[in-house]
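Work through these exercises with the structure open beside you. Each task is followed by a solution in steps.

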Amino acid sequence: GFNGGKAVATTCGIYFIMDYRILVVFAIVFFILVFATCYVSLGSLSSSLAGTIFALIFSPYGAWVKVAFLALVAIIFYRHSSNIGRLL
């Protein structure tokens with residue numbers, strides 16, 4: 001339907017610019033889950049959460065950047081709300 005994405009690719013780009021290690025965690029979790037379950041939305045949700053947790057723990061940035069990371073993962077979960085219902 002070409003309605004646009006769900007902010008996952010944009011979040012990957014932001015993670016890459018901010019700290020490539022966050023993107024590495026994101027990618028590892030994403031690909032393991034997608035290959036294991038064949039659900040891209042599950043991989044997107046789990047990897048965005050894992051990347052954000054990693055960023056909150058290991059990121060050298062201040063509180064505002066960490067709040068922005070939390071906002072990004074909240075947007076991703078909101079945009080995937082219909083997928084979450086189907087996954088459950």
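**Exercise 1. Place Ser46.**
Is Ser46 buried, partly exposed or exposed, and which residues does Ser46 touch?

*Solution.*
- Step 1. The relative accessibility of Ser46 is 24%. Buried would need under 20%, and exposed over 50%. Ser46 is therefore partly exposed.
- Step 2. This is a predicted model. In it, Ser46 sits in helix α3.
- Step 3. Set aside neighbours within four places in sequence. Ser46 then contacts Val29 and Leu33.
- Step 4. Compare Val24, 22 residues away along the chain. The C-alpha atoms of Ser46 and Val24 are 14 Å apart.

**Exercise 2. Describe the whole chain.**
State which elements the chain holds, and in what order. Then check the radius of gyration against the globule rule.

*Solution.*
- Step 1. Count the elements: five helices and zero strands. From the N terminus the order is α-α-α-α-α.
- Step 2. The radius of gyration is 13 Å. The globule rule gives 12 Å for 88 residues. The two are close, so the chain is as compact as a globular protein of that length.
- Step 3. The C-alpha trace spans about 35 × 25 × 25 Å along its principal axes.
- Step 4. Of the 88 residues, 30% are buried. The chain exposes about 5600 Å², with 74% of it from carbon and sulfur atoms.
- Step 5. Take contacts between residues at least 6 apart in sequence. Of these, 60% join residues at least 24 apart.

**Exercise 3. Find the buried face of α4.**
Which residues of α4 are buried, and what do they pack against?

*Solution.*
- Step 1. Helix α4 covers residues 63-79, 17 residues in total. Its end C-alpha atoms are 24 Å apart, close to the 24 Å expected at 1.5 Å a residue.
- Step 2. The buried residues of α4 are Phe69, Leu72, Val73 and Ile76. Seen down the axis of α4, they fall within an arc of 90°, so they line one face of the helix.
- Step 3. Turn to the face away from that buried side. Ala63, Trp64 and Tyr78 are exposed there.
- Step 4. The buried residues of α4 pack against α1 (8-18), α2 (20-37) and α3 (40-58).

**Exercise 4. Repeat the analysis for α2.**
Which residues of α2 are buried, and which exposed residues does the face turned away carry?

*Solution.*
- Step 1. Helix α2 has 18 residues. It reaches 26 Å from first C-alpha to last, close to the 26 Å expected at 1.5 Å a residue.
- Step 2. Ile22, Phe26, Phe30 and Val34 are buried in α2. They cover an arc of only 75° around the axis, which puts them on the same side of α2.
- Step 3. The face turned away carries exposed Tyr20, Ile32, Phe35 and Ala36.
- Step 4. The cover over the buried residues of α2 includes α1, α3 and α4.
- Step 5. Look closer at Val34. Its relative accessibility is 15%, so Val34 counts as buried. Beyond neighbours within four places, Val34 contacts Tyr39, Val40 and Gly43.
- Step 6. Move past the helix end. Cys38 follows α2 and has a positive phi, near 65°.

**Exercise 5. Trace α3 and a loop residue.**
What do the buried residues of α3 pack against, and which residues does His80 touch?

*Solution.*
- Step 1. At 1.5 Å a residue, the 19 residues of α3 should span 27 Å. The end C-alpha atoms of α3 are 26 Å apart, which agrees.
- Step 2. Buried residues of α3 include Ser41, Ser44, Leu45, Gly51 and Phe54. The buried residues of α3 pack against α1, α2, α4 and α5.
- Step 3. Go to the loop between α4 and α5 (81-87), where His80 lies. His80 has a relative accessible area of 4%, so it is buried.
- Step 4. Leave out residues up to four places away in sequence. His80 touches Lys6, Val8, Ser41, Ser44 and Leu45.

**Exercise 6. Locate the salt bridge.**
Which residue forms a salt bridge with Arg21?

*Solution.*
- Step 1. Side chains of opposite charge can pair when their charged atoms come close.
- Step 2. The structure holds one salt bridge. Arg21 pairs with Asp19, and the closest N and O atoms are 2.7 Å apart.
- Step 3. Check exposure. Arg21 is partly exposed at 34% relative accessible area, whereas Asp19 is buried at 9%.

Key. Residues are numbered from 1 along each chain as its sequence is written. This is a predicted model: local features need pLDDT of at least 70, side-chain atom pairs count only at pLDDT 80 or more; totals for chains, interfaces and linings use all residues. Side-chain values use heavy atoms; hydrogens and water are left out. Helices (H or I, at least four residues) and strands (E, at least two) are DSSP runs, numbered from the N terminus. The radius of gyration is taken over C-alpha atoms; the globule rule is 2.2 Å times the number of residues to the power 0.38. Buried means under 20% relative accessible area, exposed over 50%, partly exposed in between (1.4 Å probe, protein chains only). Contact means heavy atoms within 4.5 Å. Accessible areas come from the Shrake-Rupley method with a 1.4 Å probe; for residues, only the protein chains shown count as cover. The expected span of a helix is 1.5 Å times one less than its number of residues. The arc is that of the directions from the helix axis to the C-beta atoms. A salt bridge is a side-chain nitrogen of Lys or Arg within 4 Å of a carboxyl oxygen of Asp or Glu.
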